[in-house]
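Subject: The model, and what turned up in it

Hi,

Here is the structure I promised to pass on. Have a look at it first, and then read on for my notes.

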Amino acid sequence: MKKRIIYIAISVAVCLLIGFLAGFATQSSVNDWYVTLNKPEFTPPNSLFAPVWTVLYILMGVAAGIVWSKGYHHVWVKTALYHFVFQLLVNALWSIVFFGLKNPFAALLVILVLMTLIILTIKWFNVVSKPAAILMVPYLLWVGFAAVLNYRIWELNP
(Lines give C-alpha, C1' and ligand atoms only; values in the text may rest on other atoms or scores of the structure.)
Protein backbone atom coordinates (compact mmCIF):
# COMPACT_ATOMS: atom_id res chain seq x y z
CA MET A 1 0.00 0.00 0.00
CA LYS A 2 2.84 2.40 0.81
CA LYS A 3 4.43 1.69 -2.57
CA ARG A 4 1.13 2.41 -4.32
CA ILE A 5 0.75 5.77 -2.53
CA ILE A 6 4.30 6.76 -3.50
CA TYR A 7 3.73 5.78 -7.15
CA ILE A 8 0.44 7.67 -7.22
CA ALA A 9 2.04 10.77 -5.65
CA ILE A 10 4.88 10.74 -8.19
CA SER A 11 2.49 10.18 -11.09
CA VAL A 12 0.16 12.99 -9.98
CA ALA A 13 3.13 15.33 -9.59
CA VAL A 14 4.41 14.49 -13.08
CA CYS A 15 0.96 15.01 -14.64
CA LEU A 16 0.49 18.34 -12.87
CA LEU A 17 4.00 19.44 -13.86
CA ILE A 18 3.41 18.61 -17.54
CA GLY A 19 0.08 20.45 -17.41
CA PHE A 20 1.66 23.45 -15.69
CA LEU A 21 4.52 23.63 -18.19
CA ALA A 22 2.17 23.37 -21.17
CA GLY A 23 -0.07 26.04 -19.66
CA PHE A 24 2.85 28.28 -18.80
CA ALA A 25 4.27 28.02 -22.32
CA THR A 26 0.98 29.13 -23.85
CA GLN A 27 -0.36 31.63 -21.29
CA SER A 28 0.37 34.76 -23.32
CA SER A 29 -1.72 33.50 -26.26
CA VAL A 30 -4.60 32.65 -23.94
CA ASN A 31 -4.74 36.26 -22.81
CA ASP A 32 -4.41 37.93 -26.21
CA TRP A 33 -4.89 35.78 -29.33
CA TYR A 34 -7.51 33.38 -27.91
CA VAL A 35 -9.81 36.16 -26.69
CA THR A 36 -9.99 37.59 -30.23
CA LEU A 37 -11.20 34.33 -31.78
CA ASN A 38 -14.79 33.66 -32.74
CA LYS A 39 -15.97 30.87 -30.45
CA PRO A 40 -19.09 28.73 -30.42
CA GLU A 41 -21.88 29.44 -27.95
CA PHE A 42 -21.01 26.32 -25.90
CA THR A 43 -17.48 27.57 -25.09
CA PRO A 44 -16.94 27.35 -21.32
CA PRO A 45 -15.67 30.42 -19.48
CA ASN A 46 -11.88 30.66 -19.33
CA SER A 47 -12.02 30.37 -15.55
CA LEU A 48 -13.32 26.79 -15.86
CA PHE A 49 -10.36 25.35 -17.78
CA ALA A 50 -7.70 25.43 -15.05
CA PRO A 51 -9.81 23.71 -12.36
CA VAL A 52 -11.08 21.07 -14.79
CA TRP A 53 -7.59 20.31 -16.08
CA THR A 54 -6.23 20.17 -12.53
CA VAL A 55 -8.81 17.56 -11.56
CA LEU A 56 -8.19 15.61 -14.77
CA TYR A 57 -4.41 15.61 -14.27
CA ILE A 58 -4.92 14.35 -10.72
CA LEU A 59 -7.22 11.55 -11.92
CA MET A 60 -4.74 10.66 -14.66
CA GLY A 61 -1.90 10.58 -12.15
CA VAL A 62 -3.84 8.37 -9.76
CA ALA A 63 -4.64 6.01 -12.64
CA ALA A 64 -1.01 5.87 -13.78
CA GLY A 65 0.18 5.35 -10.21
CA ILE A 66 -2.20 2.43 -9.74
CA VAL A 67 -0.94 0.82 -12.94
CA TRP A 68 2.70 1.49 -12.06
CA SER A 69 2.22 -0.08 -8.62
CA LYS A 70 1.28 -3.38 -10.27
CA GLY A 71 4.96 -3.92 -11.09
CA TYR A 72 6.91 -2.23 -13.83
CA HIS A 73 8.63 -5.54 -14.63
CA HIS A 74 5.38 -6.84 -16.16
CA VAL A 75 5.09 -6.31 -19.93
CA TRP A 76 1.45 -5.19 -19.71
CA VAL A 77 2.29 -2.55 -17.11
CA LYS A 78 5.17 -1.28 -19.26
CA THR A 79 2.95 -1.19 -22.35
CA ALA A 80 0.20 0.67 -20.48
CA LEU A 81 2.63 3.22 -19.06
CA TYR A 82 4.34 3.76 -22.43
CA HIS A 83 0.94 4.59 -23.91
CA PHE A 84 0.21 6.86 -20.95
CA VAL A 85 3.46 8.82 -21.24
CA PHE A 86 3.08 9.19 -25.00
CA GLN A 87 -0.48 10.51 -24.74
CA LEU A 88 0.61 12.89 -21.96
CA LEU A 89 3.29 14.35 -24.25
CA VAL A 90 0.78 14.68 -27.10
CA ASN A 91 -1.56 16.40 -24.64
CA ALA A 92 1.14 19.02 -24.01
CA LEU A 93 1.81 19.24 -27.74
CA TRP A 94 -1.80 20.21 -28.36
CA SER A 95 -1.45 23.28 -26.13
CA ILE A 96 1.75 24.29 -27.89
CA VAL A 97 0.22 23.87 -31.37
CA PHE A 98 -3.11 25.54 -30.56
CA PHE A 99 -1.93 28.41 -28.36
CA GLY A 100 1.79 28.64 -29.06
CA LEU A 101 1.65 28.26 -32.83
CA LYS A 102 -1.89 29.68 -32.99
CA ASN A 103 -2.90 26.96 -35.41
CA PRO A 104 -6.37 25.52 -34.69
CA PHE A 105 -6.32 23.20 -37.71
CA ALA A 106 -3.02 21.54 -36.80
CA ALA A 107 -4.22 21.39 -33.19
CA LEU A 108 -7.37 19.60 -34.39
CA LEU A 109 -5.19 16.95 -36.01
CA VAL A 110 -3.16 16.65 -32.80
CA ILE A 111 -6.26 16.31 -30.62
CA LEU A 112 -7.64 13.54 -32.85
CA VAL A 113 -4.36 11.67 -32.39
CA LEU A 114 -4.58 12.40 -28.67
CA MET A 115 -8.06 10.90 -28.43
CA THR A 116 -6.83 7.76 -30.17
CA LEU A 117 -3.91 7.50 -27.75
CA ILE A 118 -6.19 8.02 -24.75
CA ILE A 119 -8.46 5.21 -25.95
CA LEU A 120 -5.42 2.94 -26.35
CA THR A 121 -4.19 3.95 -22.90
CA ILE A 122 -7.58 3.13 -21.38
CA LYS A 123 -7.52 -0.22 -23.17
CA TRP A 124 -4.11 -1.07 -21.71
CA PHE A 125 -4.95 0.32 -18.28
CA ASN A 126 -8.02 -1.92 -18.28
CA VAL A 127 -5.78 -4.95 -18.86
CA VAL A 128 -3.81 -4.03 -15.74
CA SER A 129 -6.45 -2.36 -13.53
CA LYS A 130 -10.10 -1.69 -14.26
CA PRO A 131 -10.30 1.17 -11.69
CA ALA A 132 -7.33 2.86 -13.38
CA ALA A 133 -9.07 2.62 -16.74
CA ILE A 134 -12.26 4.09 -15.29
CA LEU A 135 -10.32 7.02 -13.83
CA MET A 136 -9.23 7.92 -17.38
CA VAL A 137 -12.78 8.15 -18.77
CA PRO A 138 -13.49 11.75 -17.62
CA TYR A 139 -10.29 12.79 -19.37
CA LEU A 140 -11.41 11.13 -22.60
CA LEU A 141 -14.80 12.80 -22.36
CA TRP A 142 -13.26 16.24 -21.76
CA VAL A 143 -10.80 15.82 -24.63
CA GLY A 144 -13.72 14.75 -26.84
CA PHE A 145 -15.50 17.96 -25.87
CA ALA A 146 -12.28 19.91 -26.48
CA ALA A 147 -12.00 18.33 -29.93
CA VAL A 148 -15.48 19.54 -30.84
CA LEU A 149 -14.66 22.98 -29.46
CA ASN A 150 -11.35 23.00 -31.36
CA TYR A 151 -13.16 22.03 -34.57
CA ARG A 152 -15.76 24.80 -34.19
CA ILE A 153 -13.07 27.41 -33.42
CA TRP A 154 -11.19 26.36 -36.56
CA GLU A 155 -14.42 26.49 -38.56
CA LEU A 156 -15.40 29.93 -37.21
CA ASN A 157 -11.94 31.45 -37.77
CA PRO A 158 -10.90 30.71 -41.38
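How many residues line the largest pocket, and which of them lie nearest its centre? Please keep in mind that this is a predicted model. The lining is made up of 30 residues, and those nearest the centre are Gly 23, Phe 49, Trp 53, Ser 95 and Phe 99. The volume of this largest pocket is about 720 Å³.

Several helices share in that lining. At least two residues each come from helix H1 (2–31), helix H3 (46–68), H4, helix H5 (104–128) and H6. H1 supplies the largest share, with 10 residues. As for chemistry, the lining of the largest pocket has 20 nonpolar residues, 10 polar ones and no charged ones.

The second largest pocket holds about 240 Å³ of space. It is lined by 14 residues, and Ser 11, Val 14, Leu 81, Phe 84 and Val 85 are the closest to its centre. Here the elements that give two or more residues are H1, H3 and H4. H4 contributes the most to this lining, namely 6 residues. By class, the lining of the second largest pocket splits into 13 nonpolar residues, 1 polar residue and no charged residues.

Now to the way H4 packs against other helices.

Let me start with H3. The H3 and H4 axes lie 9 Å apart, at an angle of about 160°. Angles over 145 degrees count as roughly antiparallel, and that makes H3 roughly antiparallel to H4. The crossing of these two helices is left-handed. On the H3 side the contact involves Trp 53, Tyr 57, Met 60, Ala 64, Val 67 and Trp 68, which meet Val 77, Ala 80, Leu 81, Phe 84, Gln 87, Leu 88 and Asn 91 of H4. This contact of H3 with H4 comprises 11 nonpolar and 2 polar residues, with no charged ones. Two of the names may look familiar: Trp 53 was listed for the centre of the largest pocket, and Phe 84 for the centre of the second largest.

Next comes H5. Its axis and that of H4 come within 8 Å and cross at roughly 160°. H4 and H5 are therefore roughly antiparallel to each other. Their crossing is left-handed, and the residues in the contact of H4 with H5 are 23 nonpolar, 5 polar and no charged.

What angle do H4 and H6 make as they pack? For helix H4 (residues 75–100) and helix H6 (residues 130–156) the angle is about 25°, with the axes 13 Å apart. The cut-off for roughly parallel is an angle under 35 degrees, so H4 and H6 are roughly parallel to each other. The crossing of H4 and H6 is left-handed. H4 brings Phe 84, Gln 87, Asn 91, Trp 94 and Phe 98 to the contact, while H6 brings Met 136, Tyr 139, Asn 150 and Ile 153. Sorted by class, the contact of H4 with H6 has 6 nonpolar residues, 3 polar residues and no charged residues.

If you would like to browse the model with these notes beside you, you could begin with the largest pocket and its five central residues, Gly 23, Phe 49, Trp 53, Ser 95 and Phe 99.

Best wishes

Conventions:
Residues numbered from 1 in each chain as written. Predicted model: local features only at pLDDT ≥ 70, side-chain atom pairs only at ≥ 80, totals over all residues. Heavy atoms only, no water. Axes fitted to C-alpha atoms, helices over the stretch in contact; angles between N-to-C directions. Helix = DSSP H or I, 4+ residues; strand = E, 2+ residues; numbered from the N terminus. Parallel < 35°, antiparallel > 145°, perpendicular 65-115°, else oblique. Left-handed = near helix turned anticlockwise from the far one by under 90°. Contact = heavy atoms within 4.5 Å. Nonpolar A, V, L, I, M, F, W, Y, C, P; charged D, E, K, R; others polar. 1 Å grid on protein atoms, 1.4 Å probe; cavity = no way out; pocket = protein on both sides within 12 Å on 5 of 7 lines; lining within 4 Å. Points joined across faces, edges and corners; volume = space filled by probe spheres on them.
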